[in-house]
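Q: Please give me a close look at the binding-site part of this model, together with its setting. Keep it brisk, and state the cut-offs as you go.

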Amino acid sequence: MRNLTGLCLRPHLWTQLRHGSSVVKRREFNKVMVANRGEIAIRVFRALTELNKTSVAIYSEQDKHSMHRLKADEAYLVGKGLPPVAAYLTIEQIIDTALKNNIDAIHPGYGFLSERADFAQACENAGIVFIGPSPDVMARMGDKVAARQAAIEAGVQVVPGTSGPISTADEAVEFAKTYGTPIILKAAYGGGGRGMRRVDKIEDVEEAFRRAYSEAQSAFGDGSLFVEKFVERPRHIEVQLLGDHHGNIVHLYERDCSVQRRHQKVVEIAPAPALPPGVREKILDDAIRLAKHVGYQNAGTVEFLVDQKGHHYFIEVNARLQVEHTVTEEVTGVDLVQAQIRVAEGKALEDLKLKQSTIQVNGAAIQCRLTTEDPARGFQPDSGRIEVFRSGEGMGIRLDSASAYAGSVITPHYDSLLVKVIASARSHHNAAAKLIRALKEFRIRGVKTNIPFLLNVLQHQSFTDAAVDTYFIDEHPELFAFKPSQNRAQKLLAYLGEVQVNGATTPLATSLKPAHVVPPVPHVRADQEPVTRSRPPVGLHSVLVNEGAEAFAKAVRRKKGCMITDTTFRDAHQSLLATRVRTYDMAKISPFVSSAFPHLFSMENWGGATFDVSMRFLHECPWERLETLRKLIPNIPFQCLLRGANAMGYSNYPDNVINKFAELAVKSGMDIFRVFDSLNYLPNLLVGMEAVGRAGGVVEAAIAYTGDVSDSTRTQYNLQYYMDLAEQLVKAQCHILCIKDMAGVLKPAAAKLLITALRDKYPDMPIHVHSHDTAGAAVASMVECAKAGADIVDAAVDSMSGMTSQPSMGAIVASLQGTNFETGLNLDAISQYSAYWESARQLYAPFECATTMKSGNADVYKHEIPGGQYTNLQFQAFSLGLGDKFDEVKRMYREANLALGDIIKVTPSSKIVGDLAQFMVQNNLTRETLVDRADELSFPKSVVEFMQGHVGQPPYGFPEPLRTKVLRGKPKIDGRSGAQLPALDFDKVKVELEEKHGRKLREVDVMSSAMFPRVFDDFEQFRQRFGPVDKLPTRVFFSGLDIAEECDVEIETENEIFSVFFDLNGQMRSIFVQDREASKEIVVRPRALAGVKGSIGAPMPGEVLELKVKEGDKVTPKQPLFVLSAMKMEMLIDAPIAGTVVRIHAKKGDKFEAGDLVIEIEP
């Protein structure tokens, strides 16, 4: 008993009756304190309120905002300055608080002090009624060893075990040697699975003892343990008892608590289903016999193990109210808490109308413990703020909770129980059905819960058939197969909060804001609805699908007139809007395009810079874009840009990557591949062409155009150069020949000359021409191409054309009307299409090229900057402080190009020239001084790699002596760089990525990572954090919602989420977002690196109890590193690999969040 010197003890003024040696005190309580917290405290408060008594709470400093404090009539702080659990174990402070506030009785709840005989004795000494058994009975029954001895005395069968508590590991080892394993270690002075360990091997006894002892000491204030032989495959059956102070004891039947994990009850059932005949009666009789033997009063539970043969063994008495008392209340109709209080007031069971003959079971009840634990991660406790809480309710459902509401903060200080969900019905099967329905109705966001696991348990056939034992969870791994909650709506709200607090998540190029506009989508009549796969399309796409690429090319050549490729969905916005146009806006207009323009040759809508930009800045998957557009536009061929041996990237890849990419692209809906190389290097071109051919796509071999074939004075890139290259591409069996004029330098006269020569030489080969309108002459050039024999020319819809984009679709169509080169496109439809994009373009104001470029400029014929690069280079110059020197940058671009040998300028070679140009401006270099000082300058990496030959071999060789000076002895590559690369192991990469990102990935995801590993990782992490942001309207995506603004977000087909900022489906949702500016002074722990096995983080929020290694130690796999404790659970973290401990980021007592870096091991 604790020393209570100095406390003012209250005299006994009650009417006293005697029964045996105990004193029965009859009285009515006025104020009752609950020496507990959370759900059980509130449960007792409710009973007190119904009995018209004043409820009094105690709370720790950590619980000052907890619900149980607010639910009580009065509440008092205890344990100031103490750790969270210790505050509720301060007997002296609790008794002192009770005396100062005229408390008549104290209910201990369960856990904490509920089974401490010294606490019951302290209450009695202070003149306060302890609502529970007498101190003597508690001392005997609460001590598992003493209870075991009492059972033996009463003639109740027990499991072999130690005769008393043990306090050393040696004693446990000795018992194991005597009786053999398995054995079980149990806390002598507490329950709930704390301080309990099953040990199957004798060599593991010592470590298990230390862990169990530490848990028991932390949870109950006493680490004493006892040891028992472990009964194989038992059912765990417990009997609810209630005794008064007049010698009366009744049982309220039994409960089945066999569904356990780590000896912690998960699901409880009343009554126990499918007990063998006669076993129930024997168990109930033994429970009553034991209770009478010890003179038990108040509520308590006698627990048994029932083996496969129906033999039952006493294991312990819980001298308190149990967590699962609820199911007994539901099937018997007895309020156990009220009964406890009335018995403590001295009333007899008869006064409460409780006789054994009248207590009957009515139906069945099941309780499950909904906890904040993540079953997918070994039931690691989770903590944090509940952002969303919606419960399952209805007939037959009871919820007992404390902190289950939106806004509640779940701390790692206490037990992870969130809600007890109890279902009652006329049968076990019906109760299970109700419980399943209720759990499915729950929506909890912000913390992980075990709901998926509970549903798996309840829906398992063995549970339904009532055929479970304590091995049930361990033997059914399928219970741990979960479909993870996507939590998309809440993630989107988190994204909106992020934008609201910290601004756009994609860099904005200008200070302009997206406009408040709704682009007008033209109406599509029923008879104009897009064709579908169930109604085969008519046109070129059907030829490709049904007859193949060669037949497709022949059909193109037979077609009269000039066909158009619409670049609006790709190159146009790459040139005008920094490649930032989102799938969201393309998808809205796609049905109209499908209906209005079936005669388009193709739509260029994929590839090039759009591939990585969609992930990098728009946070959307490029493959999903392709798949989405294919569904909406099934009748028009799709076209993409393929960078030869570079695929969609900016460097060389193994050949099997190029082959796999082409295969996946065709499967995802791509038809025509414009294959090019930035240096027109034939070996690189052939890699891409062969990959596309094998995949079944249309090979459009592109010759990157530069120079001026109409200028007879130019010796490089003359007509003969293009004719020779075309001959090699035709021999390589391309389906279509393309002239790709990236800079828009193809003048009308040059266009006529080049296309005429190609048509004369290759009369059966379809010819396709691509250009940019930077100089303003592209419409004229495209008309000349059509007249000279080109089959297809590229154009962008009028409002997305001009300047660095493609020439105007409407202008070309109008110019060719009434001629032999009619396009088959309708000008009125083009006007409607243009109106949509004219409005939509305002949503992308932050990236608008017209901010700095007001018109086309004929100086492109000098500097030859590609259209797609021009605006990006301009934005880049402004960001580098060179905005006022952009004319100089353009002039220097020409000088840089000449210094590099006058190369073809297409991505990535155009970037090399641009990098060198800005380098020259920043360093005040001319072409001459660049060469003179080359051996002392630190050149951009792109320039060095070009000189090495990584990009390919330029048509006229590398410039000397610049190359030698730049390389300074670095290795040179002769031939195709990618030819030497080993094949990529896609299966291995897939496994590594899935381990890193924690989800199943598609082949296309692996391909994205193969080309852009870091970009894909960042994109995947972003999407897992913020969800499908591609579903947000564009203005909202870039700048967030305005105050009180509403928007509709369609997350999946036929499932619209109507959201007001922080108000979703009518429920308020609040998001906490860290202000990155305001938090710059906050010290944040480093995070463990995903996928790096030597970077070992905390698997759950918790406190480091013990470090088992030090820096410099050599460790082996599975060697213990540290012990982490959270919510009274301890976890031993092992080394995943062998190596040396190079750094420890923790010391004993440090607290960590899940994922915080603790130890680094170097293999």
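A: The overall frame comes first, then the barrel, the two annotated sites and some other parts of the chain.

This is a predicted model, with local features needing pLDDT of at least 70, side-chain atom pairs counted only at pLDDT 80 or more, and totals for chains, interfaces and linings using all residues. Numbering runs from 1 along each chain as its sequence is written, and side-chain values use heavy atoms, without hydrogens or water.

The protein has 1163 residues, and 60% of them are buried (under 20% relative accessible area; exposed is over 50%, partly exposed lies in between; 1.4 Å probe, protein chains only). Its secondary structure comes to 40 helices and 44 strands (DSSP runs numbered from the N terminus: helices are H or I with at least four residues, strands are E with at least two). Along the principal axes, the C-alpha atoms fill a box of roughly 125 × 70 × 55 Å. Take the contacts (heavy atoms within 4.5 Å) between residues at least 6 apart in sequence: 71% of them join residues at least 24 apart.

Now the barrel. Eight strands close into it in the order S25-S26-S27-S28-S29-S30-S31-S32, with parallel pairing. Two strands count as paired if DSSP finds at least two bridges between them. On average, neighbouring strands of this sheet are turned by 30° against each other, direction ignored. Strand S28 (residues 672–675) pairs with strand S29 (residues 698–704) over four bridges, in the parallel sense. Valine 675 has alanine 701 in S29 as its bridge partner. S30 and S31 also run parallel, joined by four bridges. Helix H25 (residues 719–731) lies across S29 and strand S30 (736–740). The helix runs at about 160° to S29. (Axes are lines fitted to C-alpha atoms, for helices over the stretch in contact; angles run from 0 to 180 degrees between N-to-C directions.)

The first site is a UniProt "binding site" from an unreviewed entry, listing Asp571, Lys740, His770 and His772. They span 202 residues in sequence, yet no two of their C-alpha atoms are more than 12.1 Å apart, so they gather at one spot. UniProt positions follow the numbering used here, feature names are shortened, and annotations may be inferred rather than shown by experiment.

Histidine 770 belongs to strand S31. Its relative accessible area is 0%, so histidine 770 is buried. In S31 (residues 767–770), His768 and His770 point one way, Ile767 and Val769 the other, and all are buried. Lysine 740 stands opposite histidine 770. Beyond its neighbours within four places in sequence, histidine 770 is in contact with Asp571, Arg674, Ile739, Lys740, Asp741, Met742, Asp794 and Gln806.

The second site comes from UniProt too: "binding site" (unreviewed entry) at Arg643 and Thr907. They span 265 residues in sequence, but their C-alpha atoms are no more than 8.1 Å apart, so they gather at one spot. Both Arg643 and Thr907 are in the lining of the second largest cavity. (On a 1 Å grid over the protein atoms alone, a cavity is a set of points where a 1.4 Å probe fits but cannot get out; lining residues have an atom within 4 Å of a point.)

Arginine 643 sits in the loop between strand S27 (638–642) and helix H23 (655–668). At 3% relative accessibility, arginine 643 is buried. Not counting residues up to four places away in sequence, arginine 643 touches Gly608, Ala609, Met648, Gly649, Tyr650, Phe676 and Thr907. Threonine 907 is in the loop between helix H32 (886–899) and helix H33 (909–922). Leaving aside neighbours within four places in sequence, threonine 907 contacts Arg643, Tyr650, Phe676 and Ser678.

Next, a helix pair. Helix H21 (residues 609–616) packs on helix H22 (residues 622–632) at about 110°, with axes 8 Å apart. H21 and H22 are therefore roughly perpendicular (65 to 115 degrees; under 35 is roughly parallel, over 145 roughly antiparallel, the rest oblique). Thr610, Phe611, Ser614 and Met615 in H21 meet Pro622, Trp623 and Arg625 in H22.

Last, two other parts of the chain. Helix H5 (residues 117–125) is mostly covered, with seven of its nine residues buried. The cover of these buried residues includes helix H4 (91–100), strand S6 (105–107), strand S7 (129–130) and helix H6 (135–141). Glycine 127, just after H5, takes a positive phi of about 80°. Glutamate 1050 is in strand S33 (residues 1046–1052). Its relative accessible area is 40%, so glutamate 1050 is partly exposed.

Conventions
1 Å grid on protein atoms, 1.4 Å probe; cavity = no way out; pocket = protein on both sides within 12 Å on 5 of 7 lines; lining within 4 Å.
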